[in-house]
Amino acid sequence: MKDIFEKRVNNMGPLGRYKDMAEGFFVFPKLTGEIGSRMYYRGKEVITWSVNNYLGLANHPEVRKADADAAAKYGSAYPMGARMMSGQTDLHSELERQLAAFVEKQAAYLLNFGYQGVISIIDALVDRTDVIVYDSESHGCIVDGVRLHFGKKFAYNHNDPKSLEKKLVRATQEAEKSDGGILVISEGVFGMRGTQGILREIVALKKKFKFRFFVDDAHGFGVLGKSGMGTGSEQGVQKEIDIYFSTFAKAMASTGAFVAADQDIIDYLQYNMRSQMFAKSLQMVLVAGAIKRLELVKNGDDLRAKLWHNVHSLQKGLRDAGFDLGFSQSCVTPVCLKGTVAEVVLLTRELRENYGIFCSIVVYPVIPKGMIILRLIPTSVHTQEDIDLTVNAFIEIRNKLDGGYYNISLEQVTKQLKELQQ
């Protein structure tokens, strides 16, 4: 018999295997300074493209004041206990009322965190007789929620209506045999590649198949659609989405999340979502802050206009320079390159330390081997200078990559980084 700990430390997983080389540089890096387009990394100012502060609300003066006032009034502990037991307040209910009205649903329910919220929504909605059909490039929270499901599950090819229809035929057959139902899951905006989910096409399939539709709109809420209502509004199908979810961690620049649906479904989730039934209520300082943030989102046309100006300027500059951004239909800007792990480590180190550009790096196992995605998140607080400097830096590092400048062994890279850490 094996020791379960020994098994794990001897096999750290596809990302953990690079711990000695990457920690502090490419995983768990430390950004300091006020949240904005310029922050500090290892003591140097960098243009920051890794913060989901879409509308610049993190340091908006009205937000900072609302947070400070709420902290002074309530502290960081109130309310104590889970919502069901002792954590219910008028302010929680008021925020839920405002969120539901904004996304055109009958009711909403506050969640402590987006990731655990999605997992728990899926867990509460389906039982072993039901069938889940979900996009193959879904976020990890959806994937993990589906993994917990004891019933049948089918992944359709990313944003492929024909593949989805085939899976729905099979799902219907299985649901009829088990006397269950079908839940279809998509993201509003896929956060890695920036594509919008095929929400219109999914809704249209309701004419042929019987299912309920759940949308995780973390990257669409506050940014797309009428007054930032989200991707469903952008595509004209918000009312046909049965369960709408978003987090406060992106456009709202805070902590927390919500789910919105018909009143009877929200009632059911309130009494059956284990992640909320057995967790402390969202702190009042976050609730009060979210009310102010929602007000700014609803009245944030100027912020959205500046955001989208920056998005279009950055993406046009990169595309004009010959970079492959895939099929992004959102603020998420993935720059696709080809290279080895060693090359991406050196390339990223140089971007950060020599060019002052800090962006996220995506490699295998998130994407196929041999691919690199440098993922940029434009915000309303970036400037044209930030954009121009970044495009020029990307041109230079691509030329070096193509010329073999970063082509050294992984062992040499590891040695260099260890020397830097000493």
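# Exercises on a predicted model

Glu 176 counts as exposed, because its relative accessibility is 61%. The exercises below concern a predicted model, and each is followed by a worked solution.

## Exercise 1. Placing Glu 176

Determine in which helix Glu 176 lies and how far Glu 176 is from Phe 248 in sequence and in space.

Solution. Begin with the secondary structure: Glu 176 belongs to helix 8, which covers residues 161–178. Next, compare positions along the chain: 72 residues separate Glu 176 from Phe 248 in sequence. Finally, take the distance in space, which is 38 Å from C-alpha to C-alpha.

## Exercise 2. An open sheet

Establish the strand order of the open sheet of four strands, and identify its edge strands.

Solution. The order is 1-2-3-12, and the pairing is mixed. The edges are strand 1 (31–32) and strand 12 (357–358), since each of these pairs on one side only. Now consider the contact between strand 3 and strand 12. Strand 3 spans residues 44–48, and two bridges pair it with strand 12 in the parallel sense. Within this pairing, Ile 47 faces Ile 357 of strand 12.

## Exercise 3. The surroundings of strand 8

Decide whether strand 8 is largely enclosed, and describe how strand 8 is joined to strand 7 and strand 9.

Solution. Count the buried residues: strand 8 comprises residues 212–216, and four of its five residues are buried, so the strand is largely enclosed by the rest of the structure.

Turn then to strand 7 (residues 182–187), which runs parallel to strand 8 and is joined to it by five bridges. One such partnership links Ile 185 with Phe 214 in strand 8. Between these two strands the chain passes through helix 9 (residues 199–204), and the resulting β-α-β crossover is right-handed.

Consider lastly strand 9 (residues 243–247), which is also parallel to strand 8 and is connected to it by three bridges. Here Asp 216 has Phe 245 of strand 9 as its bridge partner.

## Exercise 4. Three salt bridges

Compare the salt bridges Asp 69 with Lys 65, Glu 96 with Arg 83, and Lys 208 with Glu 165, stating for each pair the distance, the location and the accessibility.

Solution. The model contains 21 salt bridges in total; a pair qualifies when a side-chain nitrogen of Lys or Arg is within 4 Å of a carboxyl oxygen of Asp or Glu.

Step 1. For Asp 69 and Lys 65, the distance from N to O is 2.7 Å. Both residues lie in helix 4 (residues 61–74), four residues apart, which is about one turn of the helix. Asp 69 is partly exposed at 41% relative accessibility, whereas Lys 65 is exposed at 53%.

Step 2. For Glu 96 and Arg 83, the distance from N to O is 3.0 Å. Glu 96 is part of helix 5 (residues 90–102) and Arg 83 of the loop between helix 4 and helix 5, so the pair ties together parts that are 13 residues apart in sequence. Both partners are buried: Glu 96 has 7% relative accessibility, and Arg 83 has 10%.

Step 3. For Lys 208 and Glu 165, the closest N and O atoms are 2.2 Å apart. Lys 208 lies in the loop between helix 9 and strand 8 and Glu 165 in helix 8, so that distant parts of the chain, 43 residues apart, are linked. Lys 208 is exposed, with a relative accessible area of 58%, while Glu 165 is partly exposed at 25%.

Step 4. Some salt bridges share partners: Arg 38, Glu 45, Glu 385 and Asp 386 are joined in this way into one network.

## Exercise 5. Cysteines and disulfides

Find how many disulfides the model contains, and explain why Cys 331 and Cys 359 form none.

Solution. A disulfide is a covalent bond between the sulfur atoms of two cysteines. The criterion is that the two sulfur atoms be within 2.5 Å.

Apply this first to Cys 331. Its closest cysteine sulfur belongs to Cys 359 and is 16 Å away, which is too far for a bond. Apply it next to Cys 359, whose closest cysteine sulfur is that of Cys 336, at 12 Å; this too is too far for a bond. The count of disulfides is accordingly zero.

To complete the description, examine accessibility. Cys 331 is buried, with a relative accessible area of 2%, and Cys 359 counts as buried at 2% relative accessibility.

Key
Residues are numbered from 1 along each chain as its sequence is written. This is a predicted model: local features need pLDDT of at least 70, side-chain atom pairs count only at pLDDT 80 or more; totals for chains, interfaces and linings use all residues. Side-chain values use heavy atoms; hydrogens and water are left out. Buried means under 20% relative accessible area, exposed over 50%, partly exposed in between (1.4 Å probe, protein chains only). Two strands pair if DSSP finds at least two bridges between them. A crossover is right-handed if, with the strands pointing away from the viewer, the path from the first strand over the helix to the second runs clockwise.
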